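Morning, everyone. Please look at the screen while I talk. I will keep this short.

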Amino acid sequence: MSKRVFSGVQPTGNIHMGNYLGALKQFVQLQRDNECVYCIVDLHAITVPKDPKELRENILNVAALYMVVGVDPAKSTIFIQSDVSGHAELAWILMCNSYTGELSRMTQFKDKSRASESAPTGLFAYPILMAADILLYDTDIVPVGSDQKQHIELTRDVAIRVNNKYGDDTFVVPEGRFLKEGARIMSLDDPTAKMSKSAENELSRISLLDDEAKIKKAIMRATTDSDGEIRYDPENKPGVSNLLTIYGALVDTPVAELERKYAGQGYGTLKKDLVEVTVQTLRPLRERYTEIRASGELERILADGAERAGSQAEIVMKRVKEKFGLGL
Ligand code: AMP
Ligand code: TRP
């Protein structure tokens, strides 16, 4: 049966291999049999100050990347979060039904705020805005990387709590969807940290629009270990294991099969092959990206998406307001 799928990506630069293998690849798989809504979460992006011009550029960049990887605006709704006012509105209602204690436990908040008194309130409330994004569309499935697991759990807790108070038909309780391989891609320079958009070292990640020279440099310099054996063992061999994970996810091959293929070979061979596979995957994306960005069709697609998302959100907002006794 067709389900409602919702997910979002922040419009910040450097959309990378982790975003692609953890989230975007799922977006494309799911749109075949489901009703998918994919959001560019610009309200989430301003929890950290952003240059307005850059933010707007990045919104279009992410929209173009959605399409480049295969999200089809004829099948899926693609829209900008701030175009639908229900996100912020529902977030407030959910904030009144969540606890400061549970938000304080979010690891992303702890990492980003470093317990500073001057951390923005928005950074603290961020997971509630995410819960609102999801619940606003009666979402069944949320495809994301495993770093979002805790936020999905919180969303479920809040939805169940509200349902217990205001009636079971208030919110659909969503489920996260995580891929077996690709849910957590690690940094190339430090395979104990997740690959991130904001890490200072450009060579820590492969961005989807990187050229061949950059891809080669990042992979060939990726941190490995000194025992020389190609084996999947994330605990003792995080670097090699990460390369195997990326490779396997890119060519849809189980890591165990790659281990057999590379048994007795050196890291250099594995890396060279991974460069080749990565370049081949990303080259067509780069070409299409330039086309789509130049075509001027993005604005129309996003306006159309906002309209479709807006009418869906309105139905849910009306129901929620009624349940809570808000307005008349
Ligand atoms: P963000 O860049 O934080 O907006 O993340 C967009 C999506 O990519 C979310 O579903 C994340 O869970 C996913 N993601 C981000 N970093 C990684 C990573 N290193 N490995 C796998 N998935 C990731
Ligand atoms: N918090 C997510 C991230 O940082 C992005 C996001 C915002 C999201 N709202 C969402 C993901 C709703 C899935 C569903 O990656």
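I will go through one residue and then the two ligands beside it. Keep in mind that this is a predicted model.

Start with Gln10. Where is Gln10 placed? Find the loop between β1 (4-9) and α1 (17-30), and Gln10 is there.

Is Gln10 buried or exposed? Its relative accessible area is 17%. The cut-off for buried is under 20%. So Gln10 counts as buried.

What does Gln10 touch? Leave out residues up to four places away in sequence, and the list is Ile15, Val41, His44, Ala45, Val62, Tyr126 and Lys197. Pick out Tyr126 from that list. The side chains of Gln10 and Tyr126 are joined by a polar contact of 2.7 Å.

Now ligand 2. There are 13 residues around ligand 2. The nearest are His44, Tyr126, Met130, Asp133 and Gln148. Which elements supply that shell? β1 and α7 (121-135) each give at least two residues. The biggest share comes from α7, with 4 residues.

Next, the polar atoms around ligand 2. Tyr126 has a polar side-chain atom 2.7 Å from an oxygen atom of ligand 2. From Gln10, an N or O atom in the side chain is 3.5 Å from an oxygen atom of ligand 2. Gln148 brings a polar side-chain atom to 3.1 Å from a nitrogen atom of ligand 2. How much of ligand 2 is covered? On its own, ligand 2 has 360 Å² of accessible area, and the protein covers 90% of that. Ligand 2 takes up space in the largest pocket.

On to ligand 1. This one has 17 residues around it. Gln10 comes up again here: Gln10, Gly145, Asp147, Ile185 and Lys197 come nearest to ligand 1. Which element gives the most to this shell? It is α1, with 4 residues.

Look at the backbone now. Gly145 places a backbone N or O atom 2.9 Å from an oxygen atom of ligand 1. A polar backbone atom of Ile185 is 2.8 Å from a nitrogen atom of ligand 1. For Met195, a polar backbone atom is 3.0 Å from a nitrogen atom of ligand 1. Taken alone, ligand 1 exposes 480 Å², and the protein buries 91% of that.

And where does ligand 1 sit? In the largest pocket.

Back to Gln10 to finish. Gln10 is among the residues nearest ligand 1, and its side chain also has an N or O atom 3.5 Å from an oxygen atom of ligand 2. That is my tour.

Technical notes
Residues numbered from 1 in each chain as written. Chains lettered and ligands numbered in written order. Predicted model: local features only at pLDDT ≥ 70, side-chain atom pairs only at ≥ 80, totals over all residues. Heavy atoms only, no water. Buried < 20%, exposed > 50% of the residue type's maximum accessible area, 1.4 Å probe, protein only. Polar contact = N/O pair within 3.5 Å; in protein donor to acceptor, adjacent residues only side chain to side chain. Contact = heavy atoms within 4.5 Å. Near = heavy atom within 4 Å. Areas by Shrake-Rupley, 256 points an atom, 1.4 Å probe, with all protein chains shown as cover. 1 Å grid on protein atoms, 1.4 Å probe; cavity = no way out; pocket = protein on both sides within 12 Å on 5 of 7 lines; lining within 4 Å. Sits in = over half its atoms within 2 Å of the grid points.
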